[in-house]
Number of protein chains: 2
Amino acid sequence: MINTKNLSRNKPIGVFDSGVGGLTVFKEIKKVLPGEDIIYLGDTARLPYGNKSRKTIIRFTIENILFLLKKKVKLIIIACNTSSSLALDYIKKIFSLPIIGVIEPAVKKAVEVSLNKKIGVIGTKSTIESKIYERLILKKEKKAKVYSLSCPLFVPLVEEGFVKGRITQMIIRFYLKKLKGKIDTLILGCTHYPLLKKEISSYLKEVKLIDSANSVAEEVRILLENLNLLNNKKKPVYRFYVSDDPQGFFKTAKFFLKDRIEREQVYLADV
Amino acid sequence: MINTKNLSRNKPIGVFDSGVGGLTVFKEIKKVLPGEDIIYLGDTARLPYGNKSRKTIIRFTIENILFLLKKKVKLIIIACNTSSSLALDYIKKIFSLPIIGVIEPAVKKAVEVSLNKKIGVIGTKSTIESKIYERLILKKEKKAKVYSLSCPLFVPLVEEGFVKGRITQMIIRFYLKKLKGKIDTLILGCTHYPLLKKEISSYLKEVKLIDSANSVAEEVRILLENLNLLNNKKKPVYRFYVSDDPQGFFKTAKFFLKDRIEREQVYLADV
């Protein structure tokens, strides 16, 4: 149950992810909600989440939320697909502030844009095994046919900068050949995958690719408006916390953000 | 300083790794020291270690050692190359029981078998950046020429079962072409890499591949003998602890161990 009693429009929005991938979500929030302070938490000491069990993901998610609560955020966005898939339902019962995941916004958009309602979903092993995308798509559109597929090599590929070229193309083909010719819409169910968009598109021609970053930002905007919590600061503050060395994050952040962040904006988090 | 006062030959040997890779070491220990109880700890909730910072690796290593100390082990083997590279020196100053890493035994063997003393080392980013292999090789053999190279995609490849085939061959060539024709010996400086031995050998023909598992077991045997701590149990006990879901470990363990372990041997560890 959401309880807005102690929330104030001047408080920052909290965003967390297992690492740097969620910066694609941060970037959209910043664009759609330019008057908001944002605190970003990347659990870089324990990443990746994608192959880990539900119990462990729930534990990490609770610890991340408690960290952000100490920073007095007014709303939390779980930018990590794995964490949204495995922990969001559980977490919502515990905490009273608004918490938004990345699954529902992507599902909503996919069902909207798909013409034949044959929808593919790719994600980490844990996300796909949770079957949450399938469940939510079928809830919205009973006649949909959902093809789910985990692509566990995509995250390390992106993290190592292999976003194009022969090796990347071969691995994309290896996984996605099972979807070829079967779908008209594909949900990129992991914050790393948008960086492979170009190569995925050139293999799955004419398939619409959905990533949740933009839809999430839009949902957050509407929610804050409804709760009367929208902020309009002239000079919003962005702060980044990571559980591993801030130095390492500083370097990879640039790659995801395509924008500079300052060394002084990155702090160590003890989650 | 090693202090054997409170150690007893009847106590188990402790082995830890970031995950399942160290089972290649466990297997050799079991073979070379068939009378010893062994406790294996895999920090599967926080794996992999290979891209993480020295500070974080030291913290994880201390926590793992404290866990094994509670199990009253008489000696600890750090089966993880990253942890051995970044934390062993520091750790040895804190704890008084014997702690063995995987770096020195591999270096010793490589210097022995190399004819031209042109030695390659491959490992995770953190291992290679630590420059420890280089330093130890040159300490043993001043005239050696060392070629160090991180291969960050090898661990996810192995974990996803890509130990042969076109994609694996291409990634091996991508990294190792820099070593082709330059070395006669290559240290596989990560417990996952021995599973790629066949494909690496077929690309780097006539290069001797060194993995530390066997040499470590041999070193442990000699040390226990010297300290008068060798055990000769008829029916030794093997127990496995993991920080993520034991179920997941149970499955992948078979792949690394090429041997069955029983469900009742695997427990949850709260490191």
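What share of the contacts in chain A between residues at least 6 apart in sequence join residues at least 24 apart? In this predicted model, the share is 77%.

**Overall form of chain A**

Chain A contains 11 helices and 10 strands. Its radius of gyration is 18 Å, close to the 18 Å expected from the globule rule for 271 residues, so chain A is as compact as a globular protein of that length. The C-alpha trace of chain A extends about 50 × 40 × 35 Å along its principal axes. Of the 271 residues in chain A, 52% are buried.

**The open sheet**

Six strands of chain A form an open sheet, arranged in the order 4-3-1-2-9-10 with parallel pairing. Strand 4 (99-100) and strand 10 (266-268) of chain A occupy the edges; each has a single partner strand, so one side of each lacks a neighbour in the sheet. Elsewhere in that order, strand 2 (residues 38-42) of chain A pairs with strand 9 (residues 238-242) of chain A in the parallel sense, over five bridges. In this region A:Ile39 has A:Arg239, in strand 9 of chain A, as its bridge partner.

**Two domains**

The domain assignment divides chain A into domain 1 (13-102 + 214-268) and domain 2 (104-212). The centres of domain 1 and domain 2 of chain A, taken over C-alpha atoms, are separated by 22 Å. Between them, 22 residues of domain 1 of chain A are in contact with 20 residues of domain 2 of chain A. On the side of domain 1 of chain A that touches domain 2 of chain A, at least two residues each come from helix 1 (23-32), helix 3 (81-94) and helix 10 (212-226) of chain A. Helix 3 of chain A provides the largest share of that side, four residues.

**Contact between the chains**

In the assembly, 18 residues of chain B are in contact with 18 residues of chain A. Helix 2 (54-70) and helix 8 (166-176) of chain B are the elements that contribute two or more residues to the side of chain B that touches chain A. Helix 8 of chain B gives the most, with five residues. The table sets out the residue classes of this side and of the domain side described above.

| Side | Nonpolar | Polar | Charged |
|---|---|---|---|
| Domain 1 of chain A, touching domain 2 of chain A | nine residues | 10 residues | three residues |
| Chain B, touching chain A | eight residues | three residues | seven residues |

**Symmetry**

How is chain B superposed on chain A? A rotation of 180° with 0.0 Å of shift along its axis achieves this, with an RMSD of 0.0 Å. That is the relation of a two-fold axis. The C-alpha of B:Arg46 is the one in chain B nearest the axis, 2.2 Å from it. Moreover, 100% of the interface residues of chain B are also interface residues in chain A, so the copies meet through the same surface.

**Packing around helix 4 of chain B**

Which residues of helix 4 (residues 103-113) of chain B are buried? They are B:Ile103, B:Pro105, B:Ala106, B:Val107, B:Lys109 and B:Ala110. An α-helix has 3.6 residues a turn, so residues three or four places apart point the same way. The buried residues of helix 4 of chain B pack against helices and strands of chain B: helix 3 (81-94), helix 6 (132-140) and helix 10 (212-226), together with strand 5 (118-123), strand 7 (185-189) and strand 8 (208-210).

Notes. Residues are numbered from 1 along each chain as its sequence is written. Chains are lettered from A and ligands numbered from 1 in the order in which they are written. This is a predicted model: local features need pLDDT of at least 70, side-chain atom pairs count only at pLDDT 80 or more; totals for chains, interfaces and linings use all residues. Domain bounds come from an automatic or database domain assignment. Two residues are in contact if their C-beta atoms, placed from the backbone, lie within 7 Å. Ala, Val, Leu, Ile, Met, Phe, Trp, Tyr, Cys and Pro count as nonpolar, Asp, Glu, Lys and Arg as charged, and the others, Gly among them, as polar. The radius of gyration is taken over C-alpha atoms; the globule rule is 2.2 Å times the number of residues to the power 0.38. A residue is buried if 20 or more other C-beta atoms lie within 10 Å of its own, exposed if 12 or fewer, and partly exposed in between; C-beta atoms are placed from the backbone. Two strands pair if DSSP finds at least two bridges between them. Copies are superposed by least squares on the C-alpha atoms of residues with pLDDT of at least 70 in both.
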